[in-house]
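Here are some short exercises on reading a protein structure. Try each one with the structure open beside you, then follow the worked solution.

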Amino acid sequence: MTDYAEEQRNELEAIESIYPDSFTVLSDDPTSFTITVTSDPGEHGEIVEATLKFTYVEKYPDEPPLWEIHSQENLEDNDVEDILTLLQQQAEENMGMVMIFTLVTAVQDKLNEIVDMMKNRREEEKQRKEAELEEAEKVLFQGTVVTIENFLTWKAKFELEMSELRSKIQKEEEQGGKLKLTGKQLFETDHNLDTSDIQFLEEVGNNVEVDESLFQDIEDLDLDEDPDFNPLELGSDED
């Protein structure tokens with residue numbers, strides 16, 4: 001008859017000696033403990049980490065232990081699912097034998113693989129961004145290809161902007177006061193203009209100055225030589 005308790009005690013002592021800094025006993029009945037597994041540092045010093053919790057069942061190792069990821073660092077959800085699937089596969093392959101060391105080692109390798117994948121993800125992301133930048137530069141150099149669809153879209157937008165601009169100008173003119181009037185409109189609007197000339201003459205009165213140099217001295221004219229000369233007829237002759 002298999003002494004399950006004895007096998008479990010012996011394995012527990014071995015595990016504690018192998019992982020002295022990451023092994024922690026949580027309870028004795030049932031026996032439950034955690035082991036923290038950390039990956040090797042990546043290219044830029046990045047690491048991933050998982051703390052595994054194991055609990056012995058009564059008939060372990062003929063039955064698999066219970067396990068769960070107690071805590072983790074830098075793991076994505078799909079990484080966690082992959083680790084749980086890996087534990088299930090390893091447990092089935094090692095049924096009937098103590099297996100905690102085997103399970104932890106498998107998780108250790110998986111964490112190192114995840115770190116390598118992180119490097120690959122960075123490289124893929126870098127290449128993707130470079131490809132996007134190159135494509136954007138091509139589009140900038142070539143310009144936008146004109147199609148019926150984008151031309152009609154541009155035309156509708158342009159007409160809408162012009163309509164809004166015309167409405168804005170008209171509104172500003174209306175709010176700015178009177179529009180510029182013609183001479184006739186000013187005369188019809190302001191009746192004071194028809195009396196402005198009369199008011200000007202009344203205000204000037206006798207202050208009108210005459211430039212006498214514009215007229216010849218009446219004495220210089222030889223009026224006696226022409227008895228029919230009439231000075232009053234000068235203005236009528238010019239007309």
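**Exercise 1.** In this predicted model, decide whether Phe-33 and Phe-54 are buried or exposed, then describe how the two rings sit together.

*Solution.*
- Step 1: Start with the surroundings. Phe-33 is buried, and Phe-54 is buried too.
- Step 2: Look at the rings. Their centres lie 5.9 Å apart and their planes meet at 35°. Planes under 30 degrees apart would count as stacked and over 60 as edge-to-face, so the pair of Phe-33 and Phe-54 is tilted.
- Step 3: Find the two residues in the chain. Phe-33 belongs to strand 2 and Phe-54 to strand 3, so this pair ties together parts that are 21 residues apart in sequence.
- Step 4: Widen the view. The whole structure contains six aromatic pairs, and one aromatic cluster is made of Phe-23, Phe-33, Phe-54, Tyr-56 and Tyr-60.

**Exercise 2.** Work out in which order the four strands form the sheet, and which strands are at its edges.

*Solution.*
- Step 1: Follow the strands across. The order is 1-2-3-4, the sheet is open, and the pairing is antiparallel.
- Step 2: Look for strands that pair on one side only. These are strand 1 (23-28) and strand 4 (66-73), the edge strands.
- Step 3: Check the twist. On average, neighbouring strands are turned by 20° against each other, direction ignored.
- Step 4: Zoom in on one pairing. Strand 3 (residues 49-55) and strand 4 run antiparallel and are joined by seven bridges. Opposite Lys-53 you will find Glu-68 of strand 4.

**Exercise 3.** Find out where Ser-32 lies and what its side chain reaches.

*Solution.*
- Step 1: Ser-32 is in strand 2.
- Step 2: The relative accessible area of Ser-32 is 5%. Buried means under 20%, so Ser-32 is buried.
- Step 3: The side chain of Ser-32 reaches the backbone oxygen of Phe-54 at 3.4 Å.
- Step 4: Beyond its neighbours within four places in sequence, Ser-32 is in contact with residues including Val-25, Leu-26, Lys-53 and Phe-54.

**Exercise 4.** Which residues have the most contacts inside the largest nonpolar core, and which element gives the most to this core?

*Solution.*
- Step 1: This core has 30 residues, and Ile-35 and Ile-100 have the most contacts inside it.
- Step 2: Among the elements that give two or more residues to the core are helix 1 (4-18), helix 2 (77-93) and helix 3 (100-142). Helix 3 gives the most, with eight residues.
- Step 3: Not counting residues up to four places away in sequence, Ile-100 touches Ile-35, Phe-33 and Phe-54, among others.

Terms used
Residues are numbered from 1 along each chain as its sequence is written. This is a predicted model: local features need pLDDT of at least 70, side-chain atom pairs count only at pLDDT 80 or more; totals for chains, interfaces and linings use all residues. Side-chain values use heavy atoms; hydrogens and water are left out. Two strands pair if DSSP finds at least two bridges between them. Axes are lines fitted to C-alpha atoms, for helices over the stretch in contact, and angles run from 0 to 180 degrees between N-to-C directions. A nonpolar core is a set of buried Ala, Val, Leu, Ile, Met, Phe, Trp, Tyr and Cys residues joined through side-chain atoms within 4.5 Å. Buried means under 20% relative accessible area, exposed over 50%, partly exposed in between (1.4 Å probe, protein chains only). Contact means heavy atoms within 4.5 Å. A polar contact is a pair of N or O atoms within 3.5 Å; within protein, one must be able to donate a hydrogen and the other to accept it, and residues adjacent in sequence count only if both atoms are side-chain atoms. Rings of Phe, Tyr and Trp (its six-membered ring) pair if their centres lie within 6.5 Å; planes under 30 degrees apart count as stacked, over 60 as edge-to-face and the rest as tilted.
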